[in-house]
2 protein chains.
Amino acid sequence: MSEDFDAAKGSAAEMSIELHSAARLLRRNFDRRAKAHGLSRSRWQVLWHLSREEGQKQAELAERMDVAPISLTRQLDNLQREGLVERRPDPEDRRCFRIYLTEAAQPALELLRGLAQQTRAQALAGFSAAEVRQLHGLLARLRENLTREEV
Amino acid sequence: MSEDFDAAKGSAAEMSIELHSAARLLRRNFDRRAKAHGLSRSRWQVLWHLSREEGQKQAELAERMDVAPISLTRQLDNLQREGLVERRPDPEDRRCFRIYLTEAAQPALELLRGLAQQTRAQALAGFSAAEVRQLHGLLARLRENLTREEV
DNA sequence: CGACATTTATAAGCATGCTTATAATAAGCG
DNA sequence: CGCTTATTATAAGCATGCTTATAAATGTCG
C-alpha cells in the first residue's frame, strides 16, 4: 500500500492537471456543439439532473450536482426566465421551492442528450466497453474519496 | 466495437458529469488547503508548468496548459505583480515575451507541491498503483481524443 | 518594396462558480 | 410562549475561463 503509494507519488500534480484538462476539454467540446442552440453544458446539467427526479428542493438538487446552492440559484433564474423550469412553493415549508421541468424543456433535453452522445463518442473513441466501465468506476471512487469531509 | 459502444451508450451523460464532478471536487479540495496560503490551484498550475520548462512564450505555455492565451494573460499579470514570475522580452521577436520563474516562486512551488500531494492522497485513497496508472492512461487517451480537431 | 495575412499579446464583456453576508422561516428548548 | 440556532434561498462581490475584437510585429508573395 505504502509501496503503491510511493510508486505513483511523482504524479501528484499530473493527475490533478490531467483530470482538469480532460474536464475542460470535455466542456469546450460540448459547448461548441451546443452553442448553435443557445444552451450551455452547465444549464443542460440542471435539466438532466431534474429529468432523473423532479420536485427536488434547490438545496437537494445542488447537493446532487456537487454544486453550491447559490450557484444553482442563478442557473434556475435563467432557466425559469426561459420557461424551461418551474419553481413551485412547497406547501409544508414556506422557505423552499420544489423544482419542476416544463413541457418546453423536453425538446431541449432530447437535443442536448444527442449532443452529449456526440461528445462522448469522440471522447471515448477507441475505448472498449470494459475500459469505459473502468474509467467510470475509478472516477466514482475518486469522487467518493473527495466527498468525505475528513481532511 | 459498435457493440461496445452500445453497451455503454446509456452513460453518455453520466460520464461527462462524473468527470466534471471529480474535477470540481478536486479543485475545491485543493483550494481549501491552499486558501490559508493565498494561492489558488489555477495560479499554482502556471508555476508548476513553468517549473518543467522556463522561458516559454505565453502562447506555448497556454497551449500546454490547455488554456486560452487570454486566460493565461491575467494569471501572469497577477503572478508578475506578486513577483513570482518575470516576462522577459524575446530578443528575436518583439511581439512576444518569455516567461521565467523568480526566486520567490521556489518556496511557493515547494509548498504547493505538498498540498497537491495531500489532495492526491485523499483523492486516490485505496487505489493501487496499477489503478492509478490505469486512470492516468485513460484520461490521457480521452484528452488525446478531444484535442484532435475533427468533429 | 508594399499590400495582405498570420501570429502574439491584450482588452472588453459575458458565463459560471465560489465565499461571505442577509432575510425569512422552521425547529429546539428553556 | 419566547429566545436561540439551523435551514433555505438569495444578494454582492470576487476569481477564472471563454469569445470576439484590437494593436503591434512578423511573414508572404506579387
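Which helix gives the largest share of the surface near DNA strand D? That would be α5(B), with 4 residues. The close-ups below come from a predicted model.

**View 1. The two protein chains, superposed.** Turn chain B by 180 degrees, with 0.0 Å of shift along the axis, and it lands on chain A with an RMSD of 0.1 Å. The two copies are thus related as by a two-fold rotation axis. Both copies use the same surface, as 100% of the contact residues of chain B recur in chain A.

**View 2. Helix α4 of chain A and its two sides.** This helix covers residues 58-65, and its buried residues are Gln58(A), Leu61(A), Ala62(A) and Met65(A). Looking down the axis of α4(A), those buried residues fall within an arc of 100 degrees, so they line one face of the helix. The general rule behind such a pattern is that an α-helix has 3.6 residues a turn, so residues three or four places apart point the same way. Over on the other side of α4(A) sit Ala59(A) and Glu63(A), both exposed. Just past the end of α4(A), look for Asp66(A), which has a positive phi of about 55 degrees.

**View 3. The protein around DNA strand C.** This strand is surrounded by 23 residues, and the closest are Ser40(A), Ser71(A), Arg74(A), Arg28(B) and Ala59(B). Two of these serines reach the backbone of the DNA through their side chains: a polar atom of Ser71(A) is 2.3 Å from a phosphate oxygen, and one of Ser40(A) is 2.5 Å from a phosphate oxygen. Ala59(B) joins in with a polar backbone atom, 2.7 Å from a phosphate oxygen of the strand. Among the atoms of DNA strand C within 4 Å of the protein, 63% are sugar or phosphate and the rest belong to bases. α5(A) gives the most to this surface, 4 residues, and the surface as a whole counts 7 nonpolar, 6 polar and 10 charged residues.

**View 4. The protein around DNA strand D.** Here the nearest of the 23 surrounding residues are Arg28(A), Ala59(A), Ser40(B), Ser71(B) and Arg74(B). Sugar and phosphate make up 64% of the strand's atoms that come within 4 Å of the protein. The side chain of Gln58(A) has an N or O atom 2.9 Å from a phosphate oxygen of DNA strand D. Backbone atoms take part too: a polar one of Phe97(A) is 3.2 Å from a phosphate oxygen, and an N or O of Ala68(B) is 2.9 Å from a phosphate oxygen.

How values were computed
Residues are numbered from 1 along each chain as its sequence is written. Chains are lettered from A and ligands numbered from 1 in the order in which they are written. This is a predicted model: local features need pLDDT of at least 70, side-chain atom pairs count only at pLDDT 80 or more; totals for chains, interfaces and linings use all residues. Side-chain values use heavy atoms; hydrogens and water are left out. Buried means under 20% relative accessible area, exposed over 50%, partly exposed in between (1.4 Å probe, protein chains only). The arc is that of the directions from the helix axis to the C-beta atoms. A residue is near a molecule or strand if one of its heavy atoms lies within 4 Å of it. A polar contact is a pair of N or O atoms within 3.5 Å; within protein, one must be able to donate a hydrogen and the other to accept it, and residues adjacent in sequence count only if both atoms are side-chain atoms. Ala, Val, Leu, Ile, Met, Phe, Trp, Tyr, Cys and Pro count as nonpolar, Asp, Glu, Lys and Arg as charged, and the others, Gly among them, as polar. Copies are superposed by least squares on the C-alpha atoms of residues with pLDDT of at least 70 in both. Contact means heavy atoms within 4.5 Å.
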